[in-house]
Amino acid sequence: MNQKHRRTLELIFDNPVRSNIPWREIENMLKAAGAEITAGEGSRVRIALNGVRAVFHRPHPQKETDKGAVRSMRRFLIEAGVTR
């Protein structure tokens, strides 16, 4: 992961939970960490990382994730063994 990916990871684990992280930056960080990302129906995105699978929804019409999605992403990353 490069510095930008690490910064995105830090933003996901920041307290209080942020609601201004662009989804595209989260996807780029996940790809750099080795995740497989496939598009589902509508805004669904399937993500597999280190044997852990999850389904997320791309935010729309805004580009930034909300606090609930950031919390879910944080739980997913912890389960997949990815921390700061």
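1. A quick definition before we start: helices and strands here are DSSP runs, numbered from the N terminus. With that in hand, T65 is easy to place, as T65 sits in the loop between β3 and α3. Keep in mind as you look around that this is a predicted model.

2. Is T65 buried or exposed? Buried is under 20% relative accessible area, and T65 has 3% relative accessibility, so T65 counts as buried. Setting aside neighbours within four places in sequence, T65 is in contact with S19, N20, I21, W23, I26, P59 and V70. Two names in that list are worth holding on to: W23 and I26. Both come back below.

3. Now for the aromatic rings. The model has 2 aromatic pairs. In one of them, the ring centres of W23 and F56 lie 6.2 Å apart with the planes at 45°, so this pair is tilted. The pair ties together distant parts of the chain, with W23 in helix α2 (residues 23–32) and F56 in strand β3 (residues 52–57), 33 residues apart. W23 counts as buried because its relative accessibility is 5%. F56 is buried as well, at a relative accessible area of 7%.

4. F56 also pairs with F76: their ring centres are 5.9 Å apart and the planes meet at 80°, so the arrangement is edge-to-face. Here too distant parts of the chain are linked, since F56 belongs to strand β3 and F76 to helix α3 (residues 67–79), 20 residues apart. Both F56 and F76 are buried.

5. Put these pairs together and you get one aromatic cluster, formed by W23, F56 and F76. If you are turning the model on screen, F56 is a handy place to start, as F56 pairs with W23 and with F76.

6. Next, the helices. How do α1 and α2 pack? Helix α1 (residues 3–13) packs against α2 at an angle of about 115°, with 9 Å between the axes. The range for roughly perpendicular is 65 to 115 degrees, which means α1 is roughly perpendicular to α2. The crossing of the two helices is left-handed.

7. Which residues make that contact? From α1 come K4, H5, T8, L9 and I12, and from α2 come E25, I26, N28, M29 and A32. By type, the contact of α1 with α2 divides into 5 nonpolar, 3 polar and 2 charged residues. Notice I26 again: I26 takes part in the contact with α1 and is also in contact with T65.

Conventions: Residues are numbered from 1 along each chain as its sequence is written. This is a predicted model: local features need pLDDT of at least 70, side-chain atom pairs count only at pLDDT 80 or more; totals for chains, interfaces and linings use all residues. Side-chain values use heavy atoms; hydrogens and water are left out. Rings of Phe, Tyr and Trp (its six-membered ring) pair if their centres lie within 6.5 Å; planes under 30 degrees apart count as stacked, over 60 as edge-to-face and the rest as tilted. Helices (H or I, at least four residues) and strands (E, at least two) are DSSP runs, numbered from the N terminus. Buried means under 20% relative accessible area, exposed over 50%, partly exposed in between (1.4 Å probe, protein chains only). Axes are lines fitted to C-alpha atoms, for helices over the stretch in contact, and angles run from 0 to 180 degrees between N-to-C directions. Angles under 35 degrees count as roughly parallel, over 145 as roughly antiparallel, 65 to 115 as roughly perpendicular and the rest as oblique. A crossing is left-handed if the near helix is turned anticlockwise from the far one by less than a right angle, and right-handed if clockwise. Contact means heavy atoms within 4.5 Å. Ala, Val, Leu, Ile, Met, Phe, Trp, Tyr, Cys and Pro count as nonpolar, Asp, Glu, Lys and Arg as charged, and the others, Gly among them, as polar.
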